[in-house]
Amino acid sequence: MANKIAAGAHIADDVIIGSNVVIGDGCTINPGCIIGNNVVIEEGTYLDYGVIVRDYVSIKEGGKIGARCILGEYLVEFFQKKEYGFHPLVIGKNAQIRSETIIYGENELGDYFQTGHRVTIREKSSIGNHVRIGTLSDIQGYCEIQDYVNLHSNVHIGQKSVIQKYAWIFPYVVLTNDPNPPSESLLGVTIEEFAVVSTGSIILPGLTVGAGALVGAGAIVTKNIEQGMVAVGNPAKAVCHTERITDNVTGEKVYPWQYTFDRGMPWQDIGYEKWEKEQQRYENNAEQA
Amino acid sequence: MANKIAAGAHIADDVIIGSNVVIGDGCTINPGCIIGNNVVIEEGTYLDYGVIVRDYVSIKEGGKIGARCILGEYLVEFFQKKEYGFHPLVIGKNAQIRSETIIYGENELGDYFQTGHRVTIREKSSIGNHVRIGTLSDIQGYCEIQDYVNLHSNVHIGQKSVIQKYAWIFPYVVLTNDPNPPSESLLGVTIEEFAVVSTGSIILPGLTVGAGALVGAGAIVTKNIEQGMVAVGNPAKAVCHTERITDNVTGEKVYPWQYTFDRGMPWQDIGYEKWEKEQQRYENNAEQA
Amino acid sequence: MANKIAAGAHIADDVIIGSNVVIGDGCTINPGCIIGNNVVIEEGTYLDYGVIVRDYVSIKEGGKIGARCILGEYLVEFFQKKEYGFHPLVIGKNAQIRSETIIYGENELGDYFQTGHRVTIREKSSIGNHVRIGTLSDIQGYCEIQDYVNLHSNVHIGQKSVIQKYAWIFPYVVLTNDPNPPSESLLGVTIEEFAVVSTGSIILPGLTVGAGALVGAGAIVTKNIEQGMVAVGNPAKAVCHTERITDNVTGEKVYPWQYTFDRGMPWQDIGYEKWEKEQQRYENNAEQA
């Protein structure tokens, strides 16, 4: 099919463009980019130098794609079979993806997605809205990352992991999945809502870090962590409830963190308490309707 | 010398090709690739967009090279001397190297070599057949990685390491080598056959992890680990023999793992027991002959 | 303004060059490079294939820039505002930056700067002379790295860190900064002169590793480490003074390391003792003058 390139799109001369491509108004495609077949790039999207967009990739409006990203990267099937299947990638609106990030086909990412540099996201990663993933993080695919999750730099998310809303994962954390390495069993880790996993901790296969729990830096977690508990050490032990933690300087309570921190969160500028009440009111109304 | 490009090779118009280059039948060289001098690319090899192949690189038949790999990367000498020496790279047949991997010159890799993305392999790394190295792993060179070794993502292999056949190394493991940092002594780590080093463990300089041993996640290994033993903790202590480990669900023994796992191994579909007997029969025949 | 390209500069035909660019004699700019506006590339600088140099970047004489580096990378402002501000990058003379390194604008790096591959350096990182940063290391910006600091591979330097002269940091070390994650407080770590932080250790927010101290591999540092002390374990405990450490083979003292190691240090070939005396003599003379 013929391509539909908006008159107001700025496309460098050397860009290679496949067939059945739609490029919206106000898009900029910089030199060295390569656009495959059956690609949709919605209005106001910016592709910096040398971005590779493979077949069946859809970038919603307002995307900012850093230099030399690879979007819709080939699954292993590409190397092994003669025919490459249908493995679409959808990137939600207003994405901000920093340079050299690689995102596989067969993925669906929500709106307001942000990455650092050189992130790798393999296939079948379900990623919600307002998710941020830091430089060098490696999402191994076949996992679920819900809305407003924050992964810092250099985090490794094994297959079958589930990371629930508002969870935070700090640098060099690994969510493992093989209980008897090497084996064919894969038991994913679950990080529940509002949980915080600090720098360099490792969560063993199949375990759950409970809602609002705090895993200390360098903890090796070998048992489930109950909701709201603090666990530290190798092997990790639950030492107290997060509510007992106070700031060293102010002496004030700092957890549950949603009452003291709001940047980038849906309760920003409103406060968690008020926001939560509004949420409940909406839900009650919805139930009654 | 004149280049020998097979009639059946598909080479994009903008590819830069040096002199004395041989490209075999059925090869595909995508746009943006740069091919140096004295390069051999055997039949059926695929170079995705923007691969840089420097001088004296040889890729055996059937290679699949992902976008923007750099093959035959310059040794430090390139930056420091006026003349750059002869530092060939040989990649065995049927390699499958994912995008943005960097492999230095002065390396020889076996057949069926596989990598994830953004692997770095420095010079004088001897790598056997059927070796797999995961995303972001960093092989510092001057080391030996034998047949059927599996390195998962983000593994750091210090210089002078030796990793014997069928060993497994999981994410964020570091094999160190400097006993008194910073010093000029380099004492490499040895990981023996069938040993398993779990996520995030660190092996101190000069130590040996014995054949079939299992190092637990996050272990800091400060002493040799005897064959077949399980070591955990910081500092790591041997806690039992691997044969005492049973699967949490089935209750069955899981180690030695070669009896319960075969994917990608030479005993795949035959079973280790039968395969081993055949191996011994071959060896006996060879001795008698 | 018109560009000033020296007659003796070798610039590939396809290189894209902005306006107000100065390129010195003896420079080589390889194919695929992109040079922005208001860029100065001093004499004898080498840009390998596909280097992106953004606006207001200045590379002093003798730089060697590996393939596909991105120099002057965009701050987050680029994605968020209509107008991008003035964020210059200055790279000191005789830099040796390996392929695929990303260095942000608004940075000033000293002379003889060296990196491995795929290093990331964000804005407002003050970096001294003779600093070396290994493959995959991630400098998060807003930090200070003084002269002759060595960071090995895959080191993560959080914002507000200070690393003083002659300090060494080994692979997979993380300098953290958030005392109550997630929070808005940032308390940087200080690594004092001559301190050594071994592989895989994590330093908690706001702490100081004292001058000449040695942090053992895999240590989780939760308290300040006194000058010259050795700390190991999770949580780390000070176990002895570094002067009590002897080499396993020779039985000789190895710390303070500056007396036994000199490669790349200003006392190379002179010895620390003699060099230090000379330094003091200079300082005394300067005071008297």
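Biologist: Of the 17 residues of α2(A), how many are buried?

Modeller: In this predicted model, helix α2(A) lies largely in the open, because few of its residues meet the criterion of 20 or more other C-beta atoms within 10 Å. Of its 17 residues, the number buried is one.

Biologist: What distance does helix α2 of chain A reach from its first C-alpha to its last?

Modeller: Helix α2 of chain A covers residues 272–288. At 1.5 Å a residue, a span of 24 Å is expected, and the helix comes close to that. From its first C-alpha to its last, it reaches 24 Å.

Biologist: How many Å separate the centres of domain 1 and domain 2 of chain A?

Modeller: Chain A is divided into domain 1, residues 4–247, and domain 2, residues 256–289. Six residues from domain 1 of chain A and five residues from domain 2 of chain A take part in their contact. On the side of domain 1 that touches domain 2, four residues are nonpolar, two are polar and none is charged. Taken over C-alpha atoms, the centres of the two domains are separated by 25 Å.

Biologist: Which residue of chain B has the C-alpha nearest the axis?

Modeller: A turn of 120° with a shift of 0.0 Å along the axis lays chain B on chain A with an RMSD of 0.0 Å. That is the relation of a three-fold axis. In chain B, the C-alpha nearest this axis lies 4.0 Å from it and belongs to Asn234(B).

Biologist: Through what surfaces do the copies meet, chain B being compared with chain A?

Modeller: Of the interface residues of chain B, only 13% are also interface residues in chain A. The copies therefore meet through different surfaces.

Terms used. Residues are numbered from 1 along each chain as its sequence is written. Chains are lettered from A and ligands numbered from 1 in the order in which they are written. This is a predicted model: local features need pLDDT of at least 70, side-chain atom pairs count only at pLDDT 80 or more; totals for chains, interfaces and linings use all residues. Domain bounds come from an automatic or database domain assignment. Two residues are in contact if their C-beta atoms, placed from the backbone, lie within 7 Å. Ala, Val, Leu, Ile, Met, Phe, Trp, Tyr, Cys and Pro count as nonpolar, Asp, Glu, Lys and Arg as charged, and the others, Gly among them, as polar. Copies are superposed by least squares on the C-alpha atoms of residues with pLDDT of at least 70 in both. Helices (H or I, at least four residues) and strands (E, at least two) are DSSP runs, numbered from the N terminus. The expected span of a helix is 1.5 Å times one less than its number of residues. A residue is buried if 20 or more other C-beta atoms lie within 10 Å of its own, exposed if 12 or fewer, and partly exposed in between; C-beta atoms are placed from the backbone.
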